[in-house]
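Below is a short set of questions and answers on sheets, helices and a ligand site. Each answer ends on the item asked for.

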Amino acid sequence: MMPSFSYVRPGTLQEAVQHLSAKGAVVHGGGTDLLTCLRERIVDVQKVVSIQGLKDLYGVKETAGGGLRIGALTTITEVAEHPVIRERYPGLAQGAAEVASPPLRNQGTIGGNLCQKPRCWYFRGDFHCLRKGGDTCYAPFGENQFHAIFGSGDICYIVHPSDTAPCLSALNAEIEIAGPAGRRLLPAAEFHVLPEDYVMQETWLAPGEILTAVRLPPPPPGLRSTYRKVRARRSWDFALAGVALALQFDGDRVAGGRVVLSGAAPVPWRSRPVEDAVIGKTLDRQTIAAAAQAVVADAEPLAKNAYKIPLFRGVIEEELERISRP
Amino acid sequence: MKKKQSIASDHRRGWSISRRGFLASAGTGAVAMAVSGRIFASPMGNKETAEMAPDVLSKITLHVNGHPHDLLVEPRWTLLHVLRETLGLTGTKEGCGRGECGACTVLINDIPRYACLTLAVEAEGAAVTTVEGLLDGETLGPVQSAFVEEDAFQCGYCTPGQIMSVEGLLRKNPDPSMDEIRMAVSGNLCRCGAYSHIFKAAASAAKNRRK
Ligand SMILES: Cc1cc2nc3c(=O)[nH]c(=O)nc-3n(C[C@@H](O)[C@H](O)[C@H](O)COP(=O)(O)OP(=O)(O)OC[C@H]3O[C@@H](n4cnc5c(N)ncnc54)[C@H](O)[C@@H]3O)c2cc1C
Ligand code: SF4
Ligand code: FES
Ligand code: FES
């Protein structure tokens, strides 16, 4: 049985924000991650504020500038299957299709997917680690086969669990936020928190703030996007290694774009070395080989996750190959 | 009372709603009432609700297998808990209780979801279908009979969840490919490893349903 909490489902955004200003109040999107965290008592919650009564947070709409606005409550299944997303931003549709299992995708929302808690088993278990306000991290000398090879700052070694976040970051999306101080927009690439900045929070949402939507810019000319996830089994599983590519092609040449890794770091990890290796080039064998070396050049594996080095090389090689053939 | 028939047929099928269980749950405030309930369309069709205090029973109406039920629930009770413990619908199983096994799969507005990760209060206004709801009177529904005919279980613990995932698939896609079938039940684990028979049952259910 879960610990006790009060529950409210407001009808307006303003009321929801008000309810969230109470101590120990938390947003309920689809509830798939929240209920697990409540049951495992890794969050201390007094009030659950369901945003499921907020109609404005549903659905996918085209924006005036030719982009898309995806409401926070749009389910992962809807993102994976939406015809416009599949056509213009296939990488995001592929990322969504790789999340969890079909029932979890039917229930989980895009907003919740971006705000979910990490899966480090010490964090999910009975360990009072740094991320829970304790004074040590158990990963470096423990069971660290699923932990980070980049970006830990030698503080906390989680890998960010979301499969949609790297895609949104690669596609240059923006996160729409509403809160006590009004509305604001944040680039998806700046939405998640590195341990060196603050170890006890995964997103830059301030208390009382709600992620209301994700905004995709109009696809630039020549855009191709993909997402690739490697995992231990085909049924639900988190990424061991993955990559979201959003590259603009000018003929055969890569004119620009972004490369963002999953399963790699505490935040979706932008790989500048891979971007530098491919931008301005055609994706021939030489370029792809160079990119596959570059992706792990500054990786810092732990005792049990060095297998991620050849894995990331392989993922980059195969995905660049795939995207080079439209 | 509309509940009676489904209890009788669950008994016959061995889906074990005991009369005692039902009466016990009725005593804790579960009263099935024939409110003229219309089922809302997806997504959840949730209306706003005032704050419900912790540890206190609040009244909600759930639409389960076509019948409205006025129920008293705590905010922290899951839909799985209420289906089994309050409504006595024990066809829906608890395995892991954390979204990893699929034993608790039900349909909400025709879409498969895990009842263990759904708060009962969140299902208000939605149409919930459990494995008991697939019976047509005393007769098994097409997916249920296909599982029996294809011998698609051993211990049977995962079976109600598998059936609901297949039912959800066929409501959305009446003519699925084998890959689509495999994907549709990929959130339902079977410790007995009856997978190949489960896939076959799904394919034959699809065929029978289209007839
Ligand atoms: C078995 C299992 C496997 C999984 N596998 C994967 C996987 O492979 N890939 C993957 O990406 N995810 C995976 N997940 C995580 C996942 O559940 C989802 O990620 C889902 O999309 C979360 O959405 P939700 O709406 O259910 O979130 P909720 O559970 O409602 O919320 C999650 C968190 O975000 C906060 N939150 C939710 N919505 C908002 C909002 N709009 N504004 C502010 N805060 C908000 C909540 O307070 C909570 O802390 C898995 C989960 C489980 C249980
Ligand atoms: S990696 Fe992070 S979440 Fe895991 S034990 Fe260390 S501090 Fe805690
Ligand atoms: S009991 Fe719900 S998924 Fe296992
Ligand atoms: S039949 Fe035993 S778990 Fe599937």
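Q: Which residue stands opposite A:Gly179 in β7(A)?
A: This is a predicted model, in which local features need pLDDT of at least 70, side-chain atom pairs count only at pLDDT 80 or more, totals for chains, interfaces and linings use all residues, and side-chain values use heavy atoms, with hydrogens and water left out. Residues are numbered from 1 along each chain as its sequence is written, while chains are lettered from A and ligands numbered from 1 in the order in which they are written. Strand β6 (residues 174–179) of chain A runs antiparallel to β7(A), joined by six bridges; strands are DSSP E runs of at least two residues, helices are H or I runs of at least four, both numbered from the N terminus, and strands pair if DSSP finds at least two bridges between them. The residue opposite A:Gly179 is A:Gly182.

Q: Why is one side of β4 and β7 of chain A left without a neighbour in the sheet?
A: The open sheet of five strands has antiparallel pairing and the order β4-β5-β8-β6-β7 (chain A). β4 (60–62) and β7 (182–187) stand at its edges, so one side of each is free, because each has a single partner strand.

Q: At about what angle does helix α1 of chain A run to β8(A)?
A: Helix α1 (residues 13–20) lies across β6, β7 and β8 (210–216) of chain A. Angles run from 0 to 180 degrees between N-to-C directions of lines fitted to C-alpha atoms, for helices over the stretch in contact, where contact means heavy atoms within 4.5 Å. The angle to β8(A) is about 125 degrees.

Q: Which residue of β2(B) stands opposite A:Tyr7?
A: An open sheet of four strands, with mixed pairing, has the order β2(A)-β3(A)-β1(A)-β2(B). Strand β1 (residues 6–9) of chain A pairs with β2(B) in the antiparallel sense over two bridges. Opposite A:Tyr7 is B:Met52.

Q: How many nonpolar residues are in the shell around ligand 2?
A: Ligand 2 is surrounded by 13 residues, among them A:Cys120 and A:Tyr157, counted as near if a heavy atom lies within 4 Å. One residue of the shell is polar and one is charged; Ala, Val, Leu, Ile, Met, Phe, Trp, Tyr, Cys and Pro count as nonpolar, Asp, Glu, Lys and Arg as charged, the others as polar. The number of nonpolar residues is 11.
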